[in-house]
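User: I am new to this protein and would like a close look at one part of it. Could you take me through the enclosed spaces inside?

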Amino acid sequence: MARLVVVSNRVASPKERAAKAGGLAVALREALGTRGGLWFGWSGETQPNPSDTPKVFRSGRVTYALLTLDPEDQRAHYAGYANGTLWPLCHYRLGLLSFRRADWEGYRRVNEHFARALLPLLQPDDIIWVHDYHFIPLAAELRKRGFEGRIGYFHHIPWPTPDVFLSLPSHAALVQDLSQYDLVGLQTEDDVRALLTYISSEARGWIAPGGVVGLRERRFRVAAFPIGIDATAFVRDAKASVGSDEERRLHESLAGRALAVGVDRLDYSKGLPGKFAAFGELLSRYPQHRSTVTMMQIAPVSRGEVAEYRALRRELEELAGAINGEYAEFDWVPLRYLNRPFQRATLAAIYRTARLGLVTPLRDGMNLVAKEYIAAQNPEDPGVLVLSRFAGAADELTGAILVNPYDIEGMADAMNAALLMPLDERRERWQVNMAKVEGNTIHDWCERFIHELSGAIDHLDNPPKRAKRPRRG
Ligand code: ADP
Ligand code: F6P
């Protein structure tokens, strides 16, 4: 079996005990843990003139190779181009997009640094799987240095439609970089359509059946690979939580009230101000829910170095204070707002207890929280998922109540309907959703991508056909 080499900016290092928030780290830990392989990424540390030699260590079946970055390059790469330019662009937030050439150059320098450091660790028949928008140019940098083996890319966030994508000054270079992969995976068919439309209409590429693309001299494939969760582990954790100390404390604190839960990184794509406003609207327009429902929003702080994230944090603190100030009773606080990470077992207990799962992003590649909420439910008495139609998960989780996250009153109506929903309908909707969650797990996602990437090189016929031993340097 060929070795799997995973590359991502964020690495769930076994040395860190804290729970990780973020779909990518959670998903890759599951994927690599099963198959084993090399996980190459950023060490989380910076230092001027960093070495091209990563720190290497092994834990279980996974070898970790972690690279330290120059502080200015790291800023330009992560807070600058990745999260100040690509993130708002891919989430359709052009008003928040900033583009600075220095960030673009820093982004490319980090990709070059990664390629230089990774190349000596590679064997020709390795399967390289690069994750997310931090590393779109990595394949191009590896190819420049002579690596001809299989390289795949998975984009965990939405791919914007051509009219939005064209706002990016570096759009052509970025798609040229993508063409150096053999397989490009996106979350949904809509994302695939958006990229292929750009390629055929703007980049003058050709598209053949099965998503095979020709762009200049390169052939590659674009396809949808909706990501899943480790459903079995979530079901197990949720069942195990029944009767635990944490579950008991949670139940006691609710004193018989229904719980509505949201779990999101503190990110402007997650639609948190709208969700808070909709909960306030629910209490205002449906007073029967006052004192009978408690909302808990878990929102670990994310990307605090980016100004928009700091502004969002302040806005949410104000909104939470306003809702509690207006509706709290001496024995009931309507909104519990927590900015910290939790272990998966604790999250599973909270999801299972919650009568409502509130997942209302303005845009989201997939949203694993929606799937985790479904997996954690008690099949005999399941809660209801209120889900944004703009989350990738909405394609699969058709048993959810789908909402438009821009429609605050509509979301309040959906929360009301979910709170009043009879048991039969809750069960029916949950069964539809659970079949999807169990039918496409993180293991299925991983196997399918690796399987298709393994065969990709033979179908695509990119010259030269055979992989050579990589050149160093
Ligand atoms: P994103 O990748 O944008 O953060 P997802 O919903 O796809 O969004 O993935 C988020 C992941 O992070 C989920 O697996 C979720 O359980 C985890 N997570 C989110 N908040 C927390 C938290 N407070 N503590 C621990 N894990 C969290
Ligand atoms: O899923 C999208 C994503 O950007 C991942 O790439 C990332 O690991 C996660 O969200 C959390 O973001 P960050 O790594 O910036 O904390």
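How many cavities of 30 Å³ or more does a search of the whole structure find?

Analyst: Happy to help! This is a predicted model, in which local features need pLDDT of at least 70 and side-chain atom pairs count only at pLDDT 80 or more, while totals for chains, interfaces and linings use all residues. Residues are numbered from 1 along each chain as its sequence is written, chains are lettered from A and ligands numbered from 1 in the order written, and side-chain values use heavy atoms, with hydrogens and water left out.

The search finds three cavities of 30 Å³ or more. A cavity is a set of points, on a 1 Å grid over the protein atoms alone, where a 1.4 Å probe fits but cannot get out; lining residues have an atom within 4 Å of a point. Points are joined across faces, edges and corners, and the volume is the space filled by probe spheres set on them.

The largest cavity holds about 80 Å³. Helix α1 (23–35) gives the most to this lining, three residues, and α13 (368–375) supplies at least two. Helices here are DSSP runs of H or I with at least four residues, and strands are E runs of at least two, numbered from the N terminus. Among the lining residues are Val26, Asp230, Phe234 and Arg344. By class, six are nonpolar, one is polar and four are charged; Ala, Val, Leu, Ile, Met, Phe, Trp, Tyr, Cys and Pro count as nonpolar, Asp, Glu, Lys and Arg as charged, and the others, Gly among them, as polar.

The second largest cavity has about 40 Å³. Here α15 (423–439) gives the most, with four residues, and strand β15 (384–388) supplies at least two. Its lining includes Ile374 and Trp430.

Terms used
1 Å grid on protein atoms, 1.4 Å probe; cavity = no way out; pocket = protein on both sides within 12 Å on 5 of 7 lines; lining within 4 Å.
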